There are 2 protein chains.
Amino acid sequence: MKKIRILIVLVALFVTSGAHAQEQAQGKVYNAETFTLQNGMQVVVIPNHRAPVVTHMIWYRVGAADEPRGLTGMAHYLEHLLFKGTATVKAGDFSKRIRALGGNDNAFTAQDYTAFFESFAVEHLETVMKMEADRMMNTNPPPGDFTSEQKVVLEERRQRTENDPRGFFSEQMKALLFVNHPYGNPVIGWQHEVGALTWPQIQKFYKEHYGPNNAILVISGDITAAQLKPLAEKYYGPLKPIALPAREWTSVPPMIATPELTLHHPQIQQPVFMRLYRMPSLKENKEEGYALSVLQEILDGGAATRFYKSLVVEQKIATDANFSYDGMAISDGTGWLSATPADGVALDVVEKALEAELRKVIKDGVTDQELAEAKQRMQDSAAFARDSLSGPAMVVGQSLASGLTLDDVEYWPQHLDKVTKEQIKAAAAKYLDPDNINRRPYISGYLLPPVAPAAPAEETKPVNGAKQ
Amino acid sequence: MKKIRILIVLVALFVTSGAHAQEQAQGKVYNAETFTLQNGMQVVVIPNHRAPVVTHMIWYRVGAADEPRGLTGMAHYLEHLLFKGTATVKAGDFSKRIRALGGNDNAFTAQDYTAFFESFAVEHLETVMKMEADRMMNTNPPPGDFTSEQKVVLEERRQRTENDPRGFFSEQMKALLFVNHPYGNPVIGWQHEVGALTWPQIQKFYKEHYGPNNAILVISGDITAAQLKPLAEKYYGPLKPIALPAREWTSVPPMIATPELTLHHPQIQQPVFMRLYRMPSLKENKEEGYALSVLQEILDGGAATRFYKSLVVEQKIATDANFSYDGMAISDGTGWLSATPADGVALDVVEKALEAELRKVIKDGVTDQELAEAKQRMQDSAAFARDSLSGPAMVVGQSLASGLTLDDVEYWPQHLDKVTKEQIKAAAAKYLDPDNINRRPYISGYLLPPVAPAAPAEETKPVNGAKQ
């Protein structure tokens with residue numbers, strides 16, 4: 001029932017409102033307070049006193065990328081199992097109790113982290129903290145619940161992957177891009193491996209990774225650090241730190257050629273071109289990461305920016321054209337390029353048009369006006385993030401769990417403001433050049449309706465490409 | 001100096017001479033004798049008394065596929081290190097001593113096994129056995145030799161991979177076909193991982209995998225089992241068995257789409273089309289493995305068989321057209337389809353012609369005459385294998401190390417004789433059908449000269465394929 005949500009869109013929230021930023025021009029976005037318990041648990045408080053409610057999030061610095069070889073899906077399955085009971089809370093009762101308090105809860109697993117969150121009236125804070133502290137260390141699902149949850153997880157996979165050609169296709173694109181890297185495995189796990197997992201295997205993973213010194217508590221809402229500290233010490237303070245394994249992951253070797261993946265499938269109505277790039281994450285290279293974030297906005301920041309204006313409005317060859325950069329990762333980040341052709345337009349036409357747009361940035365750079373407008377939009381467009389209850393906790397938690405510091409989050413507008421045209425041009429040339437055969441860490445995907453069974457010969461176009 | 005030789009061609013030797021087979025119609029090919037020492041070491045003797053010489057081979061049931069994640073290249077590097085000394089044989093002296101006896105030696109590493117061999121006059125057998133037993137347990141390279149050998153291995157990799165676009169390209173094809181499977185890693189290892197290996201890491205692997213109960217001794221030549229047994233007991237018998245880890249490897253998940261890999265490279269003069277398939281190995285499915293072996297011979301068994309006759313002689317669109325099946329593997333086997341187009345012919349033309357030939361086999365099957373001739377050729381063409389000194393040891397050792405039994409080798413002609421037209425048709429339909437979108441475990445590769453920089457527009461053909 002709990003869902004995997006790989007928060008690749010969260011970076012869009014990772015900004016502040018224009019008004020707020022101007023008020024605090026040299027100041028912090030969230031004015032978060034932070035302290036660390038003696039057992040190593042980091043705590044962040046984001047005060048918001050508009051209503052007597054809080055969002056309580058625990059971010060564990062463990063995710064699918066930490067799974068042992070051959071045991072994929074374990075981190076996500078374990079996330080489900082944290083709802084399946086301890087000695088004092090029966091299987092399924094965790095969420096029931098939160099709902100009985102008038103709150104709601106959920107959880108998600110990604111490559112780098114696993115997070116659990118609840119939103120509720122602040123008066124229930126101690127009840128929730130007690131329950132979260134309990135399941136951090138004492139999860140022990142009854143065998144029947146372990147087995148039934150395995151079916152739930154496999155059904156979740158079937159719905160998102162086996163029964164969804166686009167999901168299945170994306171999974172394979174990631175696998176072929178992230179060769180020899182844990183990000184090449186799906187967060188939900190390979191079906192045959194998830195289906196074979198046992199509780200002793202998952203329990204070992206749980207004992208190795210779940211503990212206060214591998215967790216970040218982020219609370220946003222009607223509370224201050226001074227108020228929270230004694231509670232955190234009372235409920236989380238007694239938990240013993242664990243011996244943490246190093247997070248050393250394998251990496252992608254250089255590859256000489258660019259792969260293409262083509263799928264004709266009866267469930268695909270509308271062709272789509274997509275290209276997935278490996279790029280530095282913000283953690284790996286902040287300067288390039290900020291530049292790629294602004295470049296995303298310049299290419300695909302609305303109807304007046306390059307991709308939409310050129311492919312949809314002027315050339316009329318596509319119904320959409322997108323680029324998104326996801327820099328929130330402990331290891332490599334990614335970029336997705338995609339477009340849906342207009343009726344009757346071939347996929348390689350939109351592919352070539354996107355490449356032409358990339359070449360323009362690489363050759364001529366972007367304008368002062370584009371740069372200024374993009375920065376302004378990035379600050380304006382997500383005003384809601386600062387003002388919502390759970391949004392800031394989400395942004396701060398994800399950033400910390402992705403290897404950034406609290407200052408990186410607090411001074412995000414200032415970092416964006418420093419991005420120059422030269423940095424954008426250089427990042428585009430380094431990571432998006434379609435003509436640099438020595439460095440093309442990407443894969444192209446062509447998702448297509450089924451091949452027409454009996455088209456007249458003169459209308460048939462080559463399907464797998466004319467290679468010469 | 002020692003070389004990796006992945007013996008994908010050895011299956012061609014894995015037959016007997018026609019005359020010999022007829023003499024022993026219901027008999028064994030090699031008349032090998034076998035016994036097992038008390039410590040678990042298997043011994044096979046293939047008598048051949050034509051000259052007073054022997055080939056001594058030790059096959060370890062460990063290879064690149066057994067390497068821990070992130071430590072690729074370890075099995076092959078260890079093979080090199082077995083020439084770098086023990087307490088009683090100085091680094092480099094092993095091969096020197098063999099040469100001083102008038103013999104020669106070498107070694108090779110594959111995914112499933114590692115083998116060391118020497119050929120020499122039988123009078124020196126005890127000397128060689130003593131040295132092999134010593135390095136099985138006592139290898140301990142001086143630090144300087146460990147480091148210098150790392151440079152040798154990296155240089156070996158550079159020559160075969162980084163400096164050879166075809167080798168580099170093939171490595172990537174295997175990586176993209178064998179997703180989540182150790183066969184996706186190159187035997188020589190990923191460059192950045194080989195360069196980071198340390199002796200303590202390799203020594204752990206050595207202690208875990210090198211021992212008498214993980215070794216097969218195969219001796220061919222002027223000796224009998226009765227003569228060898230006391231010597232084997234004397235030299236190998238005292239070695240203590242080791243606790244062997246299970247050989248449990250991860251496997252390839254189902255994939256929805258068929259990848260293509262294209263490379264335009266200045267060092268490529270002549271375009272090549274290739275397609276790599278995953279198929280059952282002989283160990284995984286003997287009946288299908290035998291059928292695929294005969295199918296290989298029918299498709300690509302010489303100038304009078306289907307591929308050459310059709311593409312080269314009749315259609316004149318290719319200068320060669322090949323299919324080879326490699327069924328010698330503990331896990332999945334592979335099939336390679338490839339063709340070189342004639343001057344001016346596009347790669348997709350030869351690709352489509354190969355696919356048309358496959359469709360013919362799937363639709364109409366093969367003829368009685370083709371089947372009979374293929375079986376006869378397979379028996380006739382490798383008469384030398386039985387008669388050479390080292391050939392039979394190579395075939396027997398590789399077969400046992402690939403999970404087959406001595407009887408599988410001894411009765412190979414009888415197994416081939418039983419293959420039917422129906423089995424061949426069924427195997428082709430199951431593994432080679434280009435039109436079955438539900439089961440296409442293959443990757444297609446297009447290796448091409450550099451793109452011409454300024455061809456006139458009307459002569460330019462699409463390079464990355466026209467997708468619609």
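# Exercises on a predicted two-chain model

Strand β8 (residues 272-279) of chain B pairs with β10(B) in the antiparallel sense, over seven bridges. The model is predicted. The exercises start from this strand pair.

## Exercise 1: strand β10 of chain B

Find the partners of β10(B) and state how many of its residues are buried.

*Solution.*
- Step 1. Take the β8(B) side. B:Met279 stands opposite B:Gly333 in β10(B).
- Step 2. Take the other partner. Strand β9 (residues 318-326) of chain B and β10(B) are antiparallel, with eight bridges. Here B:Asp326 stands opposite B:Thr334.
- Step 3. Trace the connection. A hairpin of six residues leads from β9(B) to β10(B).
- Step 4. Count burial. Eight of the nine residues of β10(B), residues 333-341, are buried, so the strand is mostly covered.

## Exercise 2: one glycine in that strand

Is B:Gly335 buried or exposed, and which residues does B:Gly335 touch?

*Solution.*
- Step 1. Locate the residue. B:Gly335 lies in strand β10 of chain B.
- Step 2. Apply the cut-off. A residue is buried if 20 or more other C-beta atoms lie within 10 Å of its own. B:Gly335 has 20 such neighbours, so B:Gly335 is buried.
- Step 3. List the contacts. Leaving out residues up to four places away in sequence, B:Gly335 touches B:Tyr277, B:Met279, B:Phe323, B:Tyr325 and B:Tyr431.
- Step 4. Add a distance. B:Thr161 is 174 residues away along the chain, and the two C-alpha atoms are separated by 21 Å.

## Exercise 3: the sheet

Write the strand order of the open sheet of 10 strands and name its edges.

*Solution.*
- Step 1. Read the order: β9(A)-β10(A)-β8(A)-β11(A)-β7(A)-β7(B)-β11(B)-β8(B)-β10(B)-β9(B). The pairing is mixed.
- Step 2. Find the edges. β9 (318-326) of chain A and β9 of chain B each pair on one side only.
- Step 3. Check the twist. On average, neighbouring strands are turned by 15° against each other, direction ignored.
- Step 4. Inspect the chain A end. β9(A) and β10 (residues 333-341) of chain A are antiparallel over eight bridges. A:Ala318 has A:Pro341 as its bridge partner in β10(A).
- Step 5. Add the helix. Helix α11 (residues 306-314) of chain A packs on the sheet and touches β9 and β10 of chain A. The directions of α11(A) and β9(A) make about 160°.

## Exercise 4: the two copies

What turn and shift lay chain A on chain B, and which elements of chain A supply the contact side?

*Solution.*
- Step 1. Superpose. A turn of 180° with a shift of 0.0 Å along the axis gives an RMSD of 0.0 Å. The copies are therefore related as by a two-fold rotation axis.
- Step 2. Compare surfaces. 100% of the contact residues of chain A recur in chain B, so the same surface serves both copies.
- Step 3. Count contacts. On each side there are 37 residues: 37 of chain A meet 37 of chain B. α6 (165-177), α7 (191-194), β7 (258-264) and α12 (347-364) of chain A each supply at least two residues of its side.
- Step 4. Sort by class. That side of chain A has 19 nonpolar, 13 polar and five charged residues.
- Step 5. Follow the strands across. β7(A) and β7 (residues 258-264) of chain B run antiparallel, joined by five bridges. A:Leu261 has B:Pro259 as its bridge partner.

## Exercise 5: a helix pair in chain B

At what angle do α2(B) and α8(B) pack, and which residues meet?

*Solution.*
- Step 1. Take the geometry. α2 (residues 74-81) and α8 (residues 199-209) of chain B pack at about 85°, with axes 10 Å apart.
- Step 2. Classify. The range 65 to 115 degrees counts as roughly perpendicular, which makes α2(B) roughly perpendicular to α8(B).
- Step 3. List both sides. B:Met74, B:Tyr77, B:Leu78 and B:Leu81 meet B:Gln201, B:Ile202, B:Phe205 and B:Tyr206. By class, the contact has seven nonpolar, one polar and no charged residues.

## Exercise 6: positive phi

Where are B:Asn180 and B:Lys316 found, and how exposed is each?

*Solution.*
- Step 1. Recall the background. Most residues other than glycine have a negative phi.
- Step 2. Take B:Asn180. Its phi is positive, about 60°. B:Asn180 sits in the loop between α6 (165-177) and α7 (191-194) of chain B. With 19 C-beta neighbours inside 10 Å, B:Asn180 is partly exposed.
- Step 3. Take B:Lys316. Its phi is positive, about 55°. The loop between α11 (306-314) and β9 of chain B holds B:Lys316. With 10 C-beta neighbours inside 10 Å, B:Lys316 is exposed.

Methods. Residues are numbered from 1 along each chain as its sequence is written. Chains are lettered from A and ligands numbered from 1 in the order in which they are written. This is a predicted model: local features need pLDDT of at least 70, side-chain atom pairs count only at pLDDT 80 or more; totals for chains, interfaces and linings use all residues. Axes are lines fitted to C-alpha atoms, for helices over the stretch in contact, and angles run from 0 to 180 degrees between N-to-C directions. Helices (H or I, at least four residues) and strands (E, at least two) are DSSP runs, numbered from the N terminus. Angles under 35 degrees count as roughly parallel, over 145 as roughly antiparallel, 65 to 115 as roughly perpendicular and the rest as oblique. Two residues are in contact if their C-beta atoms, placed from the backbone, lie within 7 Å. Ala, Val, Leu, Ile, Met, Phe, Trp, Tyr, Cys and Pro count as nonpolar, Asp, Glu, Lys and Arg as charged, and the others, Gly among them, as polar. Copies are superposed by least squares on the C-alpha atoms of residues with pLDDT of at least 70 in both. Two strands pair if DSSP finds at least two bridges between them. A residue is buried if 20 or more other C-beta atoms lie within 10 Å of its own, exposed if 12 or fewer, and partly exposed in between; C-beta atoms are placed from the backbone.
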